[in-house]
Amino acid sequence: TDGMTKTILVGEASGRGARNGPSWRLSGCWSAGTNCIDTSGIINDVDAIGTDQFHSDHAGGVNMLYCDGSVHFLSDLTAPEVVRGLCTRNGYEAIPSDAF
């Protein structure tokens, strides 16, 4: 039920630590230094900047690299439980393709 087409290998985590203002890019990070992502929240949560959640510097979602080598845009409307399921390699979640 998981498989490589439904398992995220790498996802965007940019803007972490960024602050509002003209120099926001200089104070942000692009990746999580611990190589761990917090999947408890929503994607692009403006209240979660500075955390290890999936985040991008563009609206609407984040780009994800899947284990099969494909890259897909994951909407920030995707339910957190679906994101968590996509991040496990053998959690046996049945995630329909239209859920992300």
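This is a guided tour of a predicted model, stop by stop, with a selection to make at each stop.

**The sheet**

Begin by selecting the three strands, which form an open sheet in the order β1-β2-β3, with antiparallel pairing. Residues 8–11 make up β1, residues 61–66 make up β2, and residues 71–75 make up β3. Because β1 and β3 stand at the edges with a single partner strand each, one side of each is left without a neighbour in the sheet. If you look along the sheet, neighbouring strands are turned against each other by 40 degrees on average, with direction ignored.

Next, show the pairing strand by strand. Between β1 and β2 there are three bridges, and these two strands run antiparallel; to see one of the positions, select Val-10, whose bridge partner in β2 is Leu-65. Between β2 and β3, also antiparallel, there are five bridges. Keep Leu-65 selected and add Val-71, which stands opposite Leu-65 in β3, then move to Val-62, which has Leu-74 of β3 opposite.

Now follow the chain from β2 into β3, where the hairpin has four residues between the strands, and stop at Gly-69, which takes a positive phi near 95 degrees.

**The nonpolar core**

Select Ile-8, Ile-43, Phe-54, Val-62, Met-64, Tyr-66, Leu-74, Val-82, Val-83, Leu-86 and Ile-95 together, and you have the largest nonpolar core, made of 11 residues. At least two residues of this core come from β2, and at least two come from α2, which spans residues 80–86. As background, nonpolar side chains in soluble globular proteins tend to be buried together.

With the core still displayed, centre on Ile-8 and list its contacts, leaving aside neighbours within four places in sequence: they are Met-64, Leu-65, Tyr-66, Leu-74, Leu-86 and Cys-87.

**The two cysteines**

Cys-87, just reached through Ile-8, leads to the next selection, which pairs Cys-87 with Cys-67. Why does Cys-67 form no disulfide with Cys-87? The closest cysteine sulfur to that of Cys-67 is the one in Cys-87, and at 10.0 Å it is too far for a bond, given that a disulfide requires sulfur atoms within 2.5 Å. The structure accordingly holds zero disulfides. If you colour by accessibility, Cys-67 counts as partly exposed at 32% relative accessibility, and Cys-87 is likewise partly exposed, with a relative accessible area of 31%.

**The loop between α1 and β2**

Move now to the loop between α1, residues 24–27, and β2, and select Ser-56 there. Is Ser-56 buried or exposed? Its relative accessible area is 4%, so Ser-56 is buried. Displaying the polar contacts of its side chain shows that the side chain of Ser-56 reaches the backbone oxygen of His-58 at 2.8 Å and the backbone oxygen of Gly-61 at 2.7 Å.

Widen the selection around Ser-56 and, setting aside neighbours within four places in sequence, you will find contacts with Glu-12, Ser-14, Asn-44, Gly-61 and Val-62. A distance label between the C-alpha atoms of Ser-56 and Ile-43 should read 8.4 Å, although the two residues are 13 apart along the chain.

For the last stop, select Asp-45, which lies in the loop between α1 and β2. Not counting residues up to four places away in sequence, Asp-45 touches Gln-53 and His-55. Finally, label the C-alpha separation of Asp-45 and Gly-61, which is 10.0 Å for two residues that are 16 apart along the chain.

Technical notes. Residues are numbered from 1 along each chain as its sequence is written. This is a predicted model: local features need pLDDT of at least 70, side-chain atom pairs count only at pLDDT 80 or more; totals for chains, interfaces and linings use all residues. Side-chain values use heavy atoms; hydrogens and water are left out. Buried means under 20% relative accessible area, exposed over 50%, partly exposed in between (1.4 Å probe, protein chains only). A nonpolar core is a set of buried Ala, Val, Leu, Ile, Met, Phe, Trp, Tyr and Cys residues joined through side-chain atoms within 4.5 Å. Contact means heavy atoms within 4.5 Å. Two strands pair if DSSP finds at least two bridges between them. A polar contact is a pair of N or O atoms within 3.5 Å; within protein, one must be able to donate a hydrogen and the other to accept it, and residues adjacent in sequence count only if both atoms are side-chain atoms. Axes are lines fitted to C-alpha atoms, for helices over the stretch in contact, and angles run from 0 to 180 degrees between N-to-C directions.
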